[in-house]
Amino acid sequence: MPRGWRDETTTVAEMKQAVRRFVEERNWQDHHSPKNLAMSISIEAAELMEILQWVDSEEAKRYCLESEERFRHLQQEVADVVIYCLSLAGTLGFDLAAAIDAKIDHNAARYPVPVAGEAEEK
């Protein structure tokens, strides 16, 4: 049953708690080791990549949006990746929002905003 979650109002903590509760209700904790969760993230990411495997980069957005069924499938695969990431953060007991915040700062230092007139490197 959908909870009515929205990006603007749902916290990471709420999502982590819901994932933890889902796992506990099914008694899956023993299977949710860090290794298994990391593997599951990769597997679900591969399923997401499969949706766009043979699509030209320029056409990818249109391709995702032109079919309601395809778009729903893509959303489900993204959700699977995020659910396993939330579960891994919960299993290892780290603050996912803080980790994302720190990573954005790390990336900003590593890839500074180009100064006008300088060549952009990728």
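**Close-ups: cysteines and salt bridges**

**View 1. No disulfides turn up in this predicted model: the count is zero.** Take Cys64 and look for its closest cysteine sulfur: that one sits in Cys85, 19 Å away, so a bond is out of reach. Turn the question around and Cys85 gets the matching result, with Cys64 holding the closest cysteine sulfur at 19 Å, too far for a bond. For scale, the pair would have to be within 2.5 Å to count. As for their surroundings, Cys64 is buried at 9% relative accessible area, while Cys85 is partly exposed at 28%.

**View 2. Arg20 and Glu24 pair up in a salt bridge.** Their closest N and O atoms are 2.9 Å apart. Both residues belong to helix 1 (residues 12-25), and because they are four residues apart there, about one helical turn separates them. Glu24 is partly exposed, at 37% relative accessibility, and Arg20 is partly exposed too, at 39%.

**View 3. Glu25 and Arg26 make another salt bridge.** Here the closest N and O atoms are 3.4 Å apart. Glu25 counts as exposed, with a relative accessible area of 58%, whereas Arg26 is partly exposed at 37%.

**View 4. A network of salt bridges links Glu59, Arg62, Glu66 and Arg70.** One of the pairs is Glu66 with Arg70, whose closest N and O atoms are 3.2 Å apart. Glu66 is partly exposed at 47% relative accessible area, and Arg70 is partly exposed at 21%. Zooming back out, the whole structure has six salt bridges.

Terms used: Residues numbered from 1 in each chain as written. Predicted model: local features only at pLDDT ≥ 70, side-chain atom pairs only at ≥ 80, totals over all residues. Heavy atoms only, no water. Buried < 20%, exposed > 50% of the residue type's maximum accessible area, 1.4 Å probe, protein only. Salt bridge = Lys/Arg side-chain N within 4 Å of Asp/Glu carboxyl O. Helix = DSSP H or I, 4+ residues; strand = E, 2+ residues; numbered from the N terminus.
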